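Q: Could you teach me how to read a protein structure, feature by feature?

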Amino acid sequence: MNPNPISFFKQDIAFRLNKKEQLCKWITAAAKKEGFEIVELNYVFCSDPYLKKMNVKFLKHNYFTDIITFDNSMVKKKIVGDIFISIDTVRFNAKQYATTFDNELHRVMIHGLLHLTGYKDKSPANQKEMRMMEDFWLKKFL
């Protein structure tokens, strides 16, 4: 197993991620609890325009979003993926939902990981389950 399989990058934005070591432990623990091993996981923090371009190019969705998750795994239960997160939208959503920036950022980060472990969010029932798992993991971090 790669000693540090989680990496953080920024693209097209000025941003500094705090508590990287704590975040890595938290994300790894969540993956393990879901029965997965992280082989390689890249978080890329970017701007709204950057993520919208990706949304159009790869998903044919012509709108802004807070996160896009790419599952590059070739082996079951082994996570290889890229998670792109718009810092602009996370800031906006934190205000909209009356929460802190860090709390919203951590929610989106764990949301991407949960997608990579098989959780969906297209139907109301799936959305409810996803939100429940996000809340569960947020309590474990805070």
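The dialogue below goes through the sheet, the helices, the pocket and some single residues.

Q: What kind of model is this?
A: It is a predicted model.

Q: Let us start with the sheet. How do strands hold on to each other?
A: Strands of a sheet pair through backbone hydrogen bonds. The pairing can be parallel or antiparallel.

Q: How many strands form the sheet here, and in what order?
A: Four strands form an open sheet. Read across, the order is β1-β2-β4-β3. The pairing is mixed.

Q: Which strands stand at the edges?
A: β1 (6-11) and β3 do. Each has a single partner strand, so one side of each has no neighbour in the sheet.

Q: What is the average twist from one strand to the next?
A: The twist averages 15°.

Q: Can you show me one pair of strands up close?
A: Take β1 and β2 (residues 37-46). They run parallel, and six bridges join them. For a landmark, find isoleucine 6, which stands opposite leucine 41 in β2.

Q: Now the helices. Which strands does α2 touch?
A: Helix α2 packs on the sheet and touches β1, β2, β3 and β4 (78-86). Its direction makes about 45° with that of β3.

Q: And which strands does α4 lie across?
A: α4 lies across β1, β2, β3 and β4. Against β4, helix α4 runs at about 145°.

Q: Next, the pocket. What is the volume of the largest one?
A: The largest pocket has a volume of about 720 Å³.

Q: Which residues are closest to its centre?
A: In all, 27 residues line this pocket. Closest to the centre are Asp66, Ile67, His111, His115 and Asp121.

Q: Which elements give two or more residues to the lining?
A: They are α2 (48-59), β3 (67-71), α4 (101-116) and α5 (124-141). Helix α4 gives the most, with six residues.

Q: How do the lining residues divide by type?
A: There are 10 nonpolar, eight polar and nine charged residues in the lining.

Q: Let me try one residue. Is histidine 111 buried or exposed?
A: Use the relative accessible area. Under 20% counts as buried. Histidine 111 has 12%, so it is buried. This residue lies in helix α4.

Q: Which residues does histidine 111 contact, leaving aside its neighbours within four places in sequence?
A: Histidine 111 is in contact with Ile67, Asp121, Met130 and Glu134. Remember that Ile67 and Asp121 are also among the residues closest to the pocket centre.

Q: What about arginine 91: where is its place?
A: Arginine 91 is in helix α3 (residues 87-96). Its relative accessible area is 39%, so arginine 91 is partly exposed.

Q: How should I read distance along the chain against distance in space?
A: Treat them as separate readings. Arginine 91 and aspartate 48 are 43 residues apart along the chain. Their C-alpha atoms are separated by 11 Å.

Q: Last topic: backbone angles. Which phi does lysine 19 have?
A: Lysine 19 has a positive phi of about 60°, although it is not a glycine. Look for this residue in the loop between β1 and α1 (20-33). Lysine 19 is partly exposed, with a relative accessible area of 48%.

Q: And what phi does alanine 98 have?
A: Alanine 98 is not a glycine either, yet its phi is positive, about 50°. Its place is in the loop between α3 and α4.

Q: Is alanine 98 buried or exposed?
A: Over 50% counts as exposed. Alanine 98 has a relative accessible area of 74%, so it is exposed.

Conventions:
Residues are numbered from 1 along each chain as its sequence is written. This is a predicted model: local features need pLDDT of at least 70, side-chain atom pairs count only at pLDDT 80 or more; totals for chains, interfaces and linings use all residues. Side-chain values use heavy atoms; hydrogens and water are left out. On a 1 Å grid over the protein atoms alone, a cavity is a set of points where a 1.4 Å probe fits but cannot get out, and a pocket is an open set with protein on both sides within 12 Å along at least five of seven lines; lining residues have an atom within 4 Å of a point. Grid points are joined across faces, edges and corners, and a volume is the space filled by probe spheres set on the points. Ala, Val, Leu, Ile, Met, Phe, Trp, Tyr, Cys and Pro count as nonpolar, Asp, Glu, Lys and Arg as charged, and the others, Gly among them, as polar. Buried means under 20% relative accessible area, exposed over 50%, partly exposed in between (1.4 Å probe, protein chains only). Two strands pair if DSSP finds at least two bridges between them. Axes are lines fitted to C-alpha atoms, for helices over the stretch in contact, and angles run from 0 to 180 degrees between N-to-C directions. Contact means heavy atoms within 4.5 Å.
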